[in-house]
Amino acid sequence: MTLSATINGALRNVRAWPLYGIAATYAAWEFWRAVNQQGPYLVEPINVLERTYGEIALILLVAGLLVTPLRQWTGVNLIKFRRAIGLCAFFFVLAHFLVFAVLDVQSLGRVWTETVKRPYVTVGMLAFVLLIPLAVTSNNLSIRKMGAAAWRQLHKLSYVAVILGALHYLWLSRGFQVEPLVYLVLSIGLVALRYRHVAWRKQAA
């Protein structure tokens, strides 16, 4: 038995739903640390919390893109976790936005002003808006009502959203930082790889 088959066998009885509880618990833990100004939250806790939620969201979005190539390259199948990963990513994007809107700028008027005034906020807000219909339709009922083909086309917006999210992160970073650049390169590379794989399948057919 191959290693990938062993891993897939071990994962067969593992459920995806605990990921939601883990995400919620982690978000609550970071919020509690920020309120009590512990660890990295000693200085500017709101800004640090906003950044933390955004970084976790981006990590999860990239992880969602990795599921398909991981199966293609290694045989390890994490497809059943992809929906939970995507919804958890949206949860952290929403938390990131709420910290920005409620705790940072503290008014809808200023949210609009910042979105129009600052390009990195514009890009981040666009990524957030693109993810909303994906989160709303991430259920079996939507797949049945829309049809699998239309549903898949809609969810290709995730490719745009993750690149915009990585660009947002890179843009707001002060000075040259490697981590935001790595996320952007990974995002673009994984999306390009996805389209290359689709093109290869069409040629093979």
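This passage describes helix α2 and a nonpolar surface patch in a predicted model. Residues are numbered from 1 along each chain as its sequence is written, and local features need pLDDT of at least 70, side-chain atom pairs pLDDT 80 or more, while totals for chains, interfaces and linings use all residues. Side-chain values use heavy atoms, with hydrogens and water left out.

Helix α2 (18-35), where helices are DSSP runs of H or I with at least four residues, numbered from the N terminus, has 18 residues that should span 26 Å at 1.5 Å a residue, and its end C-alpha atoms are 26 Å apart, which agrees; the expected span is 1.5 Å times one less than the number of residues. In α2, A23, A27, E30, R33 and A34 are buried (under 20% relative accessible area, with exposed over 50% and partly exposed in between, for a 1.4 Å probe and protein chains only). These buried residues cover an arc of only 125 degrees around the axis, which puts them on the same side of α2, the arc being that of the directions from the helix axis to the C-beta atoms. They pack against α3 (45-74) and α4, with contact meaning heavy atoms within 4.5 Å, whereas T25 and V35 are exposed on the other side of α2.

V35 also belongs to a nonpolar surface patch of about 550 Å², made together with F31, I46, L94, L98, V102 and L103; nonpolar side chains in such a patch are joined within 5 Å, and each residue has over 30% relative accessible area and no salt bridge (a side-chain nitrogen of Lys or Arg within 4 Å of a carboxyl oxygen of Asp or Glu). The elements that give two or more residues to the patch are α2 and α4 (79-105), and the largest share, four residues, comes from α4.

Methods. Patches are made of residues with over 30% relative accessible area and no salt bridge: like charges are joined within 9 Å, nonpolar side chains (Val, Leu, Ile, Met, Phe, Trp, Tyr) within 5 Å. Accessible areas come from the Shrake-Rupley method with a 1.4 Å probe; for residues, only the protein chains shown count as cover.
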